[in-house]
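Here are my notes on this one, point by point. Have the model open while you read, since I jump around the chain a bit.

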Amino acid sequence: AALQRTGSMAMEKMVRGVRGNNEARRNGLREAKSFSIPNAGTILFTSGVDSVERRFYLSADKIIYRCGGGESTLAHDVDSLAFSKIANKRIRIDVTLQEEIKGKTISVNLESEVLIRN
């Protein structure tokens, strides 16, 4: 349940925005005016709200959000993160989280499609 919650929260932040206030909630992938996927585990995008370049990427076992000079961790225990372009304004996100508990490996897979509004 904890892995599911962590993955769901990270997915929500990537799609809608990282901070909890209304302004930041308009700065997720769905509000991008442009994006690029330099490799499967990284997406760069420019917000249609403030034209600031942002990125989400996998570093070791963490999903990192980078905006300007600042970084924050959205999730840990991440086994894989993949972004793919489905159509001109549609992005697919796949996340797998994995944790060892009492000698057993627990995995959670999440996927989402984002329709870019701008």
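1. Start with K102, which is exposed, because its relative accessible area of 84% is over the 50% cut-off. Keep in mind throughout that this is a predicted model. K102 sits in the loop between β7 and β8, and its phi is positive, about 50°, although the residue is not a glycine. The hairpin that β7 and β8 make has two residues between the strands, so have a look at the backbone there.2. A60 is another non-glycine with a positive phi, near 55° in this case. Its place is in the loop between β3 and β4. A60 counts as exposed too, because its relative accessibility of 72% is over 50%.

3. Now the sheet that holds the K102 hairpin. Three strands form an open sheet in the order β6-β7-β8, with antiparallel pairing. β6 and β8 are the edge strands, each pairing on one side only. On average, neighbouring strands here are turned by 15° against each other, direction ignored.

4. How many bridges join β6 and β7? The answer is eight, in the antiparallel sense. For β7 and β8, also antiparallel, the count is twelve bridges. If you want a line of residues to follow across the sheet, use R92 in β7: S84 stands opposite R92, and R92 in turn stands opposite E113 in β8.

5. What lies across this sheet? That would be α1, which lies across β6, β7 and β8 and runs at about 20° to β8. The helix covers residues 2-16, and its part in the core comes up in point 7.

6. S107 is worth a stop while you are on β8, the strand where this residue is found. S107 is partly exposed because its relative accessible area is 39%, between the 20% and 50% limits. Leaving aside neighbours within four places in sequence, S107 is in contact with L97 and Q98. With Q98 there is also a polar contact of 3.0 Å between the two side chains. The C-alpha atoms of S107 and T96 are separated by 6.8 Å, and these two residues are eleven apart along the chain.

7. On to the inside. In soluble globular proteins, nonpolar side chains tend to be buried together. Here the largest nonpolar core has 26 residues, and the members touching the most other members are M14, F56, I63, I93 and V95. Seven elements are worth listing, as those giving two or more residues to this core: α1, β2 (42-47), β4 (62-67), β5 (70-75), β6 (78-87), β7 (90-101) and β8 (104-115). α1 gives the most, with five residues.

8. Which residues does M14 contact, beyond its neighbours within four places in sequence? They are G28, L29, F56, I63, L74, L81, F83, I93 and V95. That list includes F56, I63, I93 and V95, which are named with M14 among the members that touch the most others in the core.

9. The aromatic side chains deserve their own point. The count comes to two aromatic pairs. F45 and F56 form a stacked pair, at 5.5 Å centre to centre with 15° between the planes. This pair links distant parts of the chain, as F45 is in strand β2 and F56 in strand β3 (residues 53-59), eleven residues apart. The rings of F56 and Y65 have centres 5.3 Å apart and planes at 35°, so this pair is tilted. F45, F56 and Y65 together form one aromatic cluster.

10. Are the members of that cluster buried or exposed? F45 and F56 are both buried, and F56 counts as buried because its relative accessibility is 0%. Y65 has a relative accessible area of 6%, so Y65 is buried as well.

11. Last stop, T42, which is found in strand β2. T42 is a threonine that counts as buried, because its relative accessibility of 11% is under the 20% cut-off. Not counting residues up to four places away in sequence, T42 touches S36, I37, F56, Y57 and F83. Two of those names, F56 and F83, are also on the contact list of M14.

Key:
Residues are numbered from 1 along each chain as its sequence is written. This is a predicted model: local features need pLDDT of at least 70, side-chain atom pairs count only at pLDDT 80 or more; totals for chains, interfaces and linings use all residues. Side-chain values use heavy atoms; hydrogens and water are left out. A nonpolar core is a set of buried Ala, Val, Leu, Ile, Met, Phe, Trp, Tyr and Cys residues joined through side-chain atoms within 4.5 Å. Buried means under 20% relative accessible area, exposed over 50%, partly exposed in between (1.4 Å probe, protein chains only). Helices (H or I, at least four residues) and strands (E, at least two) are DSSP runs, numbered from the N terminus. Contact means heavy atoms within 4.5 Å. A polar contact is a pair of N or O atoms within 3.5 Å; within protein, one must be able to donate a hydrogen and the other to accept it, and residues adjacent in sequence count only if both atoms are side-chain atoms. Rings of Phe, Tyr and Trp (its six-membered ring) pair if their centres lie within 6.5 Å; planes under 30 degrees apart count as stacked, over 60 as edge-to-face and the rest as tilted. Two strands pair if DSSP finds at least two bridges between them. Axes are lines fitted to C-alpha atoms, for helices over the stretch in contact, and angles run from 0 to 180 degrees between N-to-C directions.
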